[in-house]
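Here is a walk through one protein model, set out as questions and answers for someone meeting it for the first time. Please look over the sequence and the structure before reading on.

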Amino acid sequence: MVSSQLAAHRPYGGVVPEIASREHLSNWPLVSRQTLEKAGLTLQQVDAVAATRGPGLMGSLLVGLSLGKSMAYALGKPFHGVHHLEGHVFSPFLNSEDESAREAPESFLALVVSGGHTSLLSVAGAQVTSLAETRDDAMGEVFDKVGKRLGLAYPQGPLVDELAELGDPTRHPLPVASTKESLDFSYSGLKTQTMVEIEALERAGVDVAYDPERELPFASPVLDLLAGFRFAAVEQILRRLRRLHRRQPIGLLAVSGGAAANRLLRRKLSGWAQETGIDLRLVPLSYAGDNAAMIAHAALLRQRRGVTDDPMSTEAESRIPFAG
Ligand code: KG4
Ligand code: ZN
């Protein structure tokens, strides 16, 4: 069961923290009730309670975490304050609706691409090590910003991806960011370059207005630019993965996060995995964007490892490191 508050934020072009907290408060009773009904369970039959402890917007975290802590305490059930990234990392092992999750292996490589993270992590049991991080913007974030510059509604990422399908990336190639020998990512240069190119198109008299009623919602030079932008964004990830694979062969790669819904990223990763024989687990589309199932799933894995948190002392934090 996923309740979306995207429509409430759309008029503002991005997430408004105050609105997010209020929406959480008003949505949770119905969502919880419907989820229990669908699962055919009463609250007393629940085995454990989990909530996100961070990172994220403090107001929203406080609503969810306070509810989770109170529920666990009142029901006398184990409690889990889960790191947001931990939810994403294990989400590729979730199956589509109504099927239970597949067993997560002991060790694997995780790629999380979202609005807040572009991270490459090595997972070995409870031990998570960071191999690469973005040095500036996250991949999803630049898709949103480029889309916003073109007047698209929030969240712009999925629509930019869809529009890029209509363009030809070879007609407007953009440089793929390099971070020398490091596996780190960098997206702010690509964002700035794309903005500059949009301005250049405008100056050259190209109509950059978005009109969903037209057969092509943007003039084709704009679609080509979006395709070039998406190609450079995705190719950066493939280059880092190829380099890593040459250094230490990758066995299993689990890809998650909102931007893991990106069509080109999914196609390219699938092709590469076929060539190399890497066991690729792409998060099912229904669990790519933020969802509660991934938090519950991560909590279940923690519980199996014998880990729980004290509901009285778990605090929300807007920034928490995840990996060592
Ligand atoms: O994981 P998520 O729901 O929230 C965060 O933890 O950030 O990811 C949301 C991000 C947004 O920036 C959204 O625009 C981006 O994922 N996104 C996409 C696509 N679908 C969602 N970015 C690129 N291509 C997509 N198809
Ligand atoms: Zn997320």
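Q: What percentage of the 324 residues in the protein chain is buried?
A: The model is a predicted one, and a residue is called buried here when its relative accessible area is under 20%. Applied to the 324 residues of the protein chain, that cut-off gives a buried share of 45%.

Q: How many helices and strands does the protein chain have, and what is its radius of gyration?
A: The secondary structure of the protein chain comes to 10 helices and 7 strands. For 324 residues the globule rule gives 20 Å, and the value for this chain is close to that, so the chain is as compact as a globular protein of that length, with a radius of gyration of 21 Å.

Q: Which residues coordinate the zinc ion (ligand 2)?
A: In sequence, the donor residues of the zinc ion follow the spacing H-x3-H-x201-D. The donor atoms are NE2 in each of the two histidines and OD in the aspartate, at 2.0 to 2.1 Å, and the residues that carry them are His-84, His-88 and Asp-290.

Q: Which helix holds His-84 and His-88, and are they buried or exposed?
A: Both His-84 and His-88 are buried. Because they are 4 residues apart in one helix, about one helical turn separates them, and that helix is H4 (residues 84-90).

Q: How much of ligand 1 does the protein bury?
A: Several atoms of the protein approach oxygen atoms of ligand 1, among them an N or O atom in the side chain of His-84 at 3.1 Å. Backbone N or O atoms do so too, that of Gly-157 at 3.3 Å and that of Gly-258 at 3.0 Å. Taken alone, ligand 1 exposes 550 Å², and the part of this that the protein buries is 85%.

Q: Which element gives the most residues to the shell around ligand 1?
A: The shell around ligand 1 has 4 nonpolar, 10 polar and 4 charged residues, and of the 18 residues around the ligand, those that come nearest are Gly-115, Asp-144, Asp-161, Asn-262 and Asp-290. With 4 residues, the element that gives the most to this shell is H5.

Q: Where are the cis peptide bonds that lead into Pro-55 and Pro-155?
A: Most peptide bonds are trans. Pro-55 is found in the loop between strand S1 (49-54) and helix H3 (58-75), while Pro-155 has its place in the loop between helix H5 (139-149) and helix H6 (156-164). With omega near -5 degrees, one cis bond runs from Gly-54 to Pro-55, and with omega about -10 degrees, another joins Tyr-154 and Pro-155.

Q: What is the phi of Lys-180, which is not a glycine?
A: Most residues other than glycine have a negative phi. Lys-180 lies in the loop between H6 and helix H7 (188-203), and it counts as exposed because its relative accessibility is 69%. Although Lys-180 is not a glycine, its phi is positive, at about 50 degrees.

Q: Is Thr-179 buried or exposed, and which residue does its side chain contact?
A: Thr-179 is in the loop between H6 and H7, and it counts as buried because its relative accessibility is 6%. At 3.2 Å, the side chain of Thr-179 makes a polar contact with the side chain of Arg-240.

Note on methods. Residues are numbered from 1 along each chain as its sequence is written. Chains are lettered from A and ligands numbered from 1 in the order in which they are written. This is a predicted model: local features need pLDDT of at least 70, side-chain atom pairs count only at pLDDT 80 or more; totals for chains, interfaces and linings use all residues. Side-chain values use heavy atoms; hydrogens and water are left out. Donors are N, O and S atoms within 2.8 Å of the metal (3.2 Å for Na, K and Ca); water is not among the atoms, so sites may look incomplete. Helices (H or I, at least four residues) and strands (E, at least two) are DSSP runs, numbered from the N terminus. Buried means under 20% relative accessible area, exposed over 50%, partly exposed in between (1.4 Å probe, protein chains only). A residue is near a molecule or strand if one of its heavy atoms lies within 4 Å of it. A polar contact is a pair of N or O atoms within 3.5 Å; within protein, one must be able to donate a hydrogen and the other to accept it, and residues adjacent in sequence count only if both atoms are side-chain atoms. Accessible areas come from the Shrake-Rupley method with a 1.4 Å probe; for residues, only the protein chains shown count as cover. Ala, Val, Leu, Ile, Met, Phe, Trp, Tyr, Cys and Pro count as nonpolar, Asp, Glu, Lys and Arg as charged, and the others, Gly among them, as polar. The radius of gyration is taken over C-alpha atoms; the globule rule is 2.2 Å times the number of residues to the power 0.38.
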